[in-house]
Amino acid sequence: MGRDLAGFYDSAYARGGERHARWRELGARGKADHVVELTRRLALPVGRVADVGCGDGALLAELSRRGFGEELAGYEISEAALDLARDRHIARVTNLELFDGATLPVEDGHFDLGVLSHVLEHVPEPLPLLRETGRACRAVIVEVPLERNLSGRRVLKREGSEAIGHVQSLDREAVVQLVADAGLRIDADLLDPLPAEVHTFFADTPGTRARGLAKAAARRSLFRASPGLAERAFTLHYCCACVPLY
């Protein structure tokens, strides 16, 4: 793609400010809900957990707050993001490490669980990273936004996704294929149309807040009536628990 990914995210985290930090913490609560739910469903071991592409540590902090995992580790390509994660002094986190985005510096199966939460859509070649995470971890939780839909085709939507670093536009079929190509299989999954708090977070006036609440209600209503139709119409967050094929 020709983009300096580490430099892009160093700049993004450096200029994000307090509001964007709170936005990431809101997102982390939903991500943690999904990780906890899928590991519970499958009774997956979660002694050692790696957050690959951990950003500023918001998800690690939320998992730690919930008492999830015995040892947590984070890997990230952005030094600026890691500095923010280190400043959190997160309990249970034993390692926060800069890596090259390609190779995790651990032996096969070192971690019980790897988490790639809203990472693969940012990666020019997601398959090698998923395969590497599957090598280092006995199970992998993957979460991505499903943006290959009617809403996602809009010019403003595409431009917004690109501005925050999305280089992949995925649907569920693409994720399933990625997982299979990485030598993994999906044993449990879930879809999330996102709560009202997400749709109203950046609302600065009563009018924009009302529109956000209406949007959230309409999307959740359609999702309840027909998840498949909702998936084709607008962006849902898709989370799946993956284990080795053999």
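**Exercises on buried residues**

Glu76 is buried (under 20% relative accessible area; exposed is over 50%, partly exposed in between; 1.4 Å probe, protein chains only), with a relative accessible area of 6%. The model is predicted: local features need pLDDT of at least 70, side-chain atom pairs count only at pLDDT 80 or more, and totals for chains, interfaces and linings use all residues. Residues are numbered from 1 along each chain as its sequence is written, and side-chain values use heavy atoms, with hydrogens and water left out.

**Exercise 1.** Place Glu76 and list what surrounds it.

Step 1. Glu76 lies in strand 2 (strands are DSSP E runs of at least two residues, helices H or I runs of at least four, numbered from the N terminus).

Step 2. Leaving aside residues up to four places away in sequence, Glu76 touches Gly53, Cys54, Gly55, Ala81, Leu82, Glu97, Leu98 and Phe99 (contact: heavy atoms within 4.5 Å).

Step 3. A polar atom of the Glu76 side chain lies 2.7 Å from the backbone nitrogen of Gly55, and the Glu76 side chain reaches the backbone nitrogen of Ser78 at 3.1 Å.

**Exercise 2.** Describe how helix 3 is covered.

Step 1. Helix 3 spans residues 58-65, and 6 of its 8 residues are buried.

Step 2. These are Ala58, Leu59, Leu60, Glu62, Leu63 and Ser64.

Step 3. They pack against helix 2, strand 1, strand 2, helix 4, strand 3 and strand 4.

**Exercise 3.** Is His199 buried or exposed?

Step 1. His199 is found in helix 8 (residues 196-200).

Step 2. Its relative accessible area is 17%, so His199 is buried.

Conventions: A polar contact is a pair of N or O atoms within 3.5 Å; within protein, one must be able to donate a hydrogen and the other to accept it, and residues adjacent in sequence count only if both atoms are side-chain atoms.
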